[in-house]
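Biologist: Please take a close look at one small part of this model, starting from a single residue. Then work outward and show me how its surroundings connect to the rest.

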Amino acid sequence: MFRSVRFYSVSSPWPDSEQELSERLGSAVFKPCGAYTERSSGFEPPTASEDGTLARRVGGADLIRLRSQMRVLPTAAVNEALEVRLAEYRQRMQEEPGQRTKRKLKEQTRDELLPKTLLKSDRTTALFLLSENVLAVGTGSQARAERFLEQLRAALGKLDTQRLEFQRPIEHVLTRVFAGDPPPKFALGRECRMRDRADAKSSVRWNEVDLTQANVRRCIKDGMELTHLGIEFGSTLSGVLDATGTIAKLKLLGLEEPATDVVEEPLARFDAELALLGGTLRRLVASLREALGG
């Protein structure tokens, strides 16, 4: 469901119910790109339920999903088609086209090709944790998260957010976990990235290794700092936590495939995973607040 997550605290009121949230999102529902539209964004149902609701509330968490669709028109394809138009112009007018004419022909070429292009969609899912007033946006990209927040703000009318902050920096947790003195429920994973304090371009990455090895520890003694660290949390989540509080390579642990002789409704299994994810992220945020203050 999520492979990465960025946390934002929300200080403005949130819709009281799943129905109210769905209705508010309905003002910005997804519509496919028109023939001459390069990009279209809007909210779509986060589940395959037949009622078409735009939100799903399970276990004190609201799931919503933004779909962005764009037309794929490579610059090389436009330039190649433009060369044909320029050659036709030279033959017809017996002169070299000026810059204004070239721009006009390029616009005409693009408009002609646009309706024939392929469509590509990407989706960004988010989970609002009601008890924590925290929005977990399922992306590691700051730009993509900000586009999501912009669309959500337009749909809700008001949305006051900021990156989830604490009294002490995230590096405090990274250092404690790496040093073998983790806050409660945190455990050391098998991946980390370090950066030279004197030269930010100089870095080293360890992947699928025992991070307690002496050669790994020596890097910290030699003046490098942790920027990313593989962690496990509460035996239910693993991922790579970075110094900004973003989690990448997120994975829920302990999810079992249903037995082959058991018929399980897809929506019921989806809701079970959603409840596990929401509960785990809620406990993670609470533990970070306890460890870092805030």
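Modeller: Start with Ser9 in this predicted model. Leaving aside neighbours within four places in sequence, Ser9 is in contact with Asn133, Val134, Asp160, Thr161, Gln162, Arg163 and Leu164. Ser9 itself lies in strand S1, which covers residues 6-10. Is Ser9 buried or exposed? Its relative accessibility is 16%. Buried means under 20%, so Ser9 counts as buried.

Now the nonpolar packing. The largest nonpolar core has 42 residues. Phe7, Leu127, Met194, Leu229 and Leu281 touch the most other members. Helix H7, residues 266-292, gives the most to this core: eight residues. Take Leu281 as a sample. Not counting residues up to four places away in sequence, Leu281 touches Phe7, Leu127, Leu129, Ala136, Leu237 and Leu250. Phe7 and Leu127 thus appear twice: they are listed with Leu281 among the residues that touch the most other core members, and they are also touched by Leu281. There is a second core, separate from this one. It has 22 residues, including Phe128, Leu135, Ala155 and Leu156.

H7 deserves a word of its own. It has 27 residues. From its first C-alpha to its last it reaches 38 Å, close to the 39 Å expected at 1.5 Å a residue. Gly293 follows H7, and its phi is positive, near 80°.

Next, the charged pairs. Side chains of opposite charge can pair when their charged atoms come close. Across the whole structure, the search finds 17 salt bridges. Three of them are worth following.

Glu44 pairs with Arg67. The closest N and O atoms are 3.7 Å apart. Glu44 lies in strand S2 (residues 39-44) and Arg67 in strand S4 (residues 61-72), so this pair ties together parts that are 23 residues apart in sequence. Both residues are buried.

Arg85 pairs with Glu112, with closest N and O atoms 2.4 Å apart. Here the link runs between helices. Arg85 is in H2 (residues 75-93) and Glu112 is in H3 (residues 99-113), so the bridge ties together parts 27 residues apart in sequence. How accessible is Arg85? Its relative accessible area is 23%, which makes it partly exposed. Glu112 also counts as partly exposed, at 42%.

The third pair is Lys249 and Glu191, whose side chains meet at 3.0 Å, N to O. Lys249 lies in strand S12 (residues 247-252) and Glu191 in strand S8 (residues 186-196), so the pair ties together parts 58 residues apart in sequence. Glu191 is buried, with a relative accessible area of 13%. Some bridges also share partners: Glu44, Arg65, Arg67 and Arg123 are joined into one network in this way.

The Lys249 and Glu191 pair leads on to the largest pocket. Both residues line it. With them in the lining are Gly189, Arg190, Asn207, Glu208, Gly230, Ile231, Glu232, Ser238, Gly239 and Val240. S8, strand S10 (224-233) and strand S11 (237-242) each supply at least two lining residues. The space in this pocket is about 230 Å³.

What of enclosed space? The count comes to one cavity of 30 Å³ or more. The largest cavity holds about 40 Å³. Its lining is made of Arg39, Leu66, Ser68, Asp122, Thr124, Arg144, Arg147 and Phe148. S4, strand S5 (118-129) and helix H4 (142-156) each give at least two of these residues. H4 supplies the largest share, three residues. S4 is thus a shared element: it holds Arg67 of the salt bridge with Glu44, and it also contributes to the cavity lining.

One last stop is Leu113, in helix H3. H3 also carries Glu112, the partner of Arg85. Leaving aside neighbours within four places in sequence, Leu113 is in contact with Leu73, Ala77, Val78 and Ala81. Tyr36 is 77 residues from Leu113 along the chain, yet their C-alpha atoms are separated by 9.3 Å.

Technical notes. Residues are numbered from 1 along each chain as its sequence is written. This is a predicted model: local features need pLDDT of at least 70, side-chain atom pairs count only at pLDDT 80 or more; totals for chains, interfaces and linings use all residues. Side-chain values use heavy atoms; hydrogens and water are left out. A nonpolar core is a set of buried Ala, Val, Leu, Ile, Met, Phe, Trp, Tyr and Cys residues joined through side-chain atoms within 4.5 Å. Buried means under 20% relative accessible area, exposed over 50%, partly exposed in between (1.4 Å probe, protein chains only). Helices (H or I, at least four residues) and strands (E, at least two) are DSSP runs, numbered from the N terminus. Contact means heavy atoms within 4.5 Å. A salt bridge is a side-chain nitrogen of Lys or Arg within 4 Å of a carboxyl oxygen of Asp or Glu. The expected span of a helix is 1.5 Å times one less than its number of residues. On a 1 Å grid over the protein atoms alone, a cavity is a set of points where a 1.4 Å probe fits but cannot get out, and a pocket is an open set with protein on both sides within 12 Å along at least five of seven lines; lining residues have an atom within 4 Å of a point. Grid points are joined across faces, edges and corners, and a volume is the space filled by probe spheres set on the points.
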